[in-house]
Amino acid sequence: MKTRITQLFGIEYPIIQGAMQWLSKPRLAAAVSNAGGLGTINMTTYETPEAFQEDIRLLKSLTRKPFCVNLSLLPDTKPDGPIKGFLEAIVEEKVHIVETAGSSPKPFMDTLKGAGCLVMHKIPDSRFAHTAEDVGCDAVCIVGYEGGGHPGMAGVGSIVQWPLATERCSIPVVGAGGICDGRTMYAALAMGLDGVMVGTRFLMASETDIGPHLRKFIIESRETDTVLTQMSIRNALRSIKTKGAMDIIEFEKTHPTFDELYPMIRGAVTRAAYEKDDPQAAQIAMGQVLGRIHDVKPAAQIIKEMMRELYDMHQRVTGMLEPSPYRFYE
Ligand SMILES: Cc1cc2nc3c(=O)[nH]c(=O)nc-3n(C[C@H](O)[C@H](O)[C@H](O)COP(=O)(O)O)c2cc1C
């Protein structure tokens, strides 16, 4: 299949696996890349640059296909701060594709571009699309409000954000937030996007290290069973509705400072919940699309089924259309 994203990244299908803290490890990323998509591991899963570099090497040993590394940037992330060692690992390992998320990647562009990286920046609001282009990104990923993780504060869903992003920049645009199958992928491509990013669906791939309780909880949950935490600090996080998430929302009503809230929202709490397979113990990032996910299967099968359904959808739509009446007016 040929889109600006498959051509840019050298992949077979324009399906990018979303970065997922603690979960998008080499086994999942390699399975996605080997199946023709673009697998991703992310910096925020690793406590040290050495552990991060080790897993980049492991990923390279598991796939010869392109893969991506995600860097999550906060407003106070400085190139010579704690991220420095992670950047050095990316340069040393000659990582070819980097996704940045969060704050503007501008301060990091010289290093990343100097190392020959392609940079895709993930944004939660289409008005930042032209900024990504202006600072030299090669692609932009736009996440709708239904997406898992940080869907921004704009409150605007994928069906409005995606086409707006294509109108606000000329670089390739990837859509995220709600994609789990060929139908949603077809819609994204029809709206002018060049590729899709899939988070929550791949969280339920057999290659992620999550336990049976969390898997069962997700299968039994509906599209209405997510909540937004961290709204009070303007860093919205969409989580499955767990006790941990509801406790955070309750505490936020008392107007805590960031430092007061931090012990409840820090990543280590979620990691412990994964390790104990106790989903209620933490907020756990998840998109509304969880209401459309009813099974666990290998990443390769998810991709294969998406592609098969994409063709079915194309036939469905073309079968509905009469020969174009508009040709008479050309
Ligand atoms: C469990 C989980 C953890 C996530 N962690 C991160 C992260 O660390 N960095 C990041 O940029 N995006 C993160 N995301 C967002 C995804 O990369 C992706 O943008 C999002 O899941 C797409 O929406 P969807 O869930 O509807 O597919 C996470 C998503 C999930 C579900």
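Let me start with the ligand, which in this predicted model is surrounded by 29 residues, and the closest of these are Gly-18, Gly-148, Gly-149, Gly-199 and Gly-287. If you follow the secondary structure around that shell, the elements that contribute two or more residues to it are the strands β3 (67–73) and β8 (195–198), together with the helix α9 (200–203). In terms of residue class, the shell divides into 13 nonpolar, 14 polar and 2 charged residues.

Where does the ligand lie with respect to the two domains? Domain 1 (10–208 + 295–311) and domain 2 (212–288) both give residues to the shell, and the ligand therefore lies between them.

That brings me to the domains themselves. The domain assignment gives domain 1 as 10–208 together with 295–311, and domain 2 as 212–288, and the C-alpha centres of the two are 22 Å apart. Where they meet, 17 residues of domain 1 are in contact with 15 residues of domain 2, and the domain 1 side of that contact is made up of 5 nonpolar, 11 polar and 1 charged residues.

Let me now turn to the interior. As a general point, nonpolar side chains in soluble globular proteins tend to be buried together. In this chain, the largest nonpolar core has 87 residues, and those with the most contacts inside it are Val-98, Val-140, Ile-142, Val-174, Val-196 and Ala-299. This core takes at least three residues from each of domain 1 and domain 2. To take one of those residues as an example, and leaving aside residues up to four places away in sequence, Val-98 touches Cys-68, Val-69, Leu-71, Ile-90, Leu-112, Cys-117 and Val-119.

Finally, the chain as a whole. Its secondary structure comes to 14 helices and 10 strands. The radius of gyration is 19 Å, close to the 20 Å that the globule rule gives for 330 residues, so the chain is as compact as a globular protein of that length. Along the principal axes, the C-alpha trace spans about 65 × 45 × 35 Å, and of the 330 residues, 45% count as buried. As for how the chain is connected through space, if we consider contacts between residues at least 6 apart in sequence, 64% of them join residues at least 24 apart.

To return to where I began, the point I would leave you with is that both domains give residues to the shell around the ligand, and that both also give at least three residues to the largest nonpolar core.

Methods: Residues numbered from 1 in each chain as written. Predicted model: local features only at pLDDT ≥ 70, side-chain atom pairs only at ≥ 80, totals over all residues. Near = placed C-beta within 6 Å. Helix = DSSP H or I, 4+ residues; strand = E, 2+ residues; numbered from the N terminus. Nonpolar A, V, L, I, M, F, W, Y, C, P; charged D, E, K, R; others polar. Domains from an automatic or database assignment. Rg over C-alpha atoms; globule rule 2.2 N^0.38 Å. Buried ≥ 20, exposed ≤ 12 C-beta atoms within 10 Å, placed from the backbone. Contact = placed C-beta atoms within 7 Å. Core = buried A, V, L, I, M, F, W, Y, C linked by C-beta atoms within 7 Å.
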